[in-house]
Amino acid sequence: MKVIIAKDYEDGARKAADIIEKIVREKPDCTLGLATGSSPVGMYQELARRCREEGLDFSRVHSVNLDEYVGLDGTHDQSYRYFMDTNLFNHINIDKKNTYVAKGTGDIQKNLKEFNEILDHADVDIQVLGVGPDGHLGFNEPGDTLWDGAHEETLDDSTIEANKRFFASKEDVPTHAVTMGMGNIMRAKRLLMIISGNKQEAARRLLMEDRIDPRCPCTFMRMHREAYVVIERKLADEIGYKG
Ligand code: GLP
């Protein structure tokens, strides 16, 4: 695991964008695994700038997203489809037909079948990841066991609590989500995690311990052959990570 310490959020966004840019330039028809949340927003803004000002070309890129809330249609402003459109896809020259965010409404079992079929055929060159305060990846919540493929999760109270800042009230936060499984995530050729915000415990478990623990799913990153973690200096200092 390669840990990249960034001066601040903006520096982390640039360093993470460098990793994505290298892949897109070397393989213009690559597949990007994408994530939502506040952690990757700065990187998406930087990639959009490089597309606009430096000719970074996404016209042949495909993408597949980690997860989606159950119950929110893609037009809902808190759905992850809406997030991806407004934070990235509307600002780069990607063909939206080549982007996939699982559907969170309608027949969920049918949606999951489609999600799993997409994932079975996708050869993800790099999977972008944030991390939940409880260590979740995508919406793979901590537990005694984790899932291999795409599935539905019941969100932990701590996740609902952490995500309520985006909704009018806690009651409005969906209680369920569809998400890639841990196997899907681990099968990506590369992983890129951006750790930002109040993630001290998850960051400590990932960077300071040697244990792989399903009760802290982000620790599985340690097993990947090509995993990058971008972390801000302040957070690294708070957990005593020296590099
Ligand atoms: C949600 C997403 C995760 C994301 C997490 C952290 O729970 N499902 O994929 O990593 O939020 O979000 P943030 O980056 O806003 O802290």
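# From paired strands to the core

Begin at Thr31, whose bridge partner in strand β3 is His62. These residues belong to a predicted model, in which local features need pLDDT of at least 70 and side-chain atom pairs count only at pLDDT 80 or more, whereas totals for chains, interfaces and linings use all residues. Residues are numbered from 1 along each chain as its sequence is written, and side-chain values use heavy atoms, leaving out hydrogens and water.

**The parallel sheet**

Select residues 31–34, which form strand β2, together with residues 62–65, which form β3; the two strands pair in the parallel sense over 4 bridges. Strands here are DSSP runs of E with at least two residues, helices are runs of H or I with at least four, and both are numbered from the N terminus; two strands pair if DSSP finds at least two bridges between them.

Now widen the selection to the open sheet of 7 strands to which β2 and β3 belong, and follow its parallel strands in the order β1-β10-β9-β6-β2-β3-β5. At its edges you will find β1 and β5 (99–100), each of which pairs on one side only.

Return to β2 and look towards β6, a parallel strand joined to β2 by 2 bridges, where Leu32 stands opposite Ile126 of β6. If you then select β6 itself, residues 126–129, you can see Ile126 and Val128 pointing one way while Gln127 and Leu129 point the other way, and all of them are buried, that is, under 20% relative accessible area with a 1.4 Å probe and protein chains only (over 50% is exposed, in between is partly exposed). From β6 the path leads on to β9, which pairs with β6 in the parallel sense over 3 bridges; Leu129 has Met193 as its bridge partner in β9.

**A helix across the sheet**

Next select helix α7, residues 200–208, in which Ala202, Ala203, Arg205, Leu206 and Leu207 are buried. Show β1 (2–6), β9 (191–195) and β10 (227–232) beside α7, since the buried residues of the helix pack against these strands, where contact means heavy atoms within 4.5 Å. The helix lies across β1, β9 and β10, and runs at about 135° to β10; such angles run from 0 to 180 degrees between N-to-C directions, with axes fitted to C-alpha atoms, for helices over the stretch in contact.

**The antiparallel sheet**

Move to an open sheet of 3 strands, whose order is β4-β8-β7 and whose pairing is antiparallel. Here β4 and β7 (151–154) stand at the edges with a single partner strand each, so one side of each has no neighbour in the sheet. From one strand to the next, the twist averages 25°.

Select β7 with β8, residues 176–179, to see their antiparallel pairing over 4 bridges, with His151 opposite Thr179 in β8. Then add helix α4, residues 108–121, which packs on this sheet, touches β7 and β8, and has a direction that makes about 125° with that of β7.

**The nonpolar core**

Which residues have the most contacts inside the largest nonpolar core? Select Met43 and Phe58, the two with the most contacts in this core of 80 residues, a core being a set of buried Ala, Val, Leu, Ile, Met, Phe, Trp, Tyr and Cys residues joined through side-chain atoms within 4.5 Å. Finish by showing the surroundings of Phe58, which, not counting residues up to four places away in sequence, touches Val24, Leu32, Leu47, Cys51, Ile92, Asn93 and Ile94. Leu32 is thus met a second time, as a contact of Phe58 and as the residue opposite Ile126.
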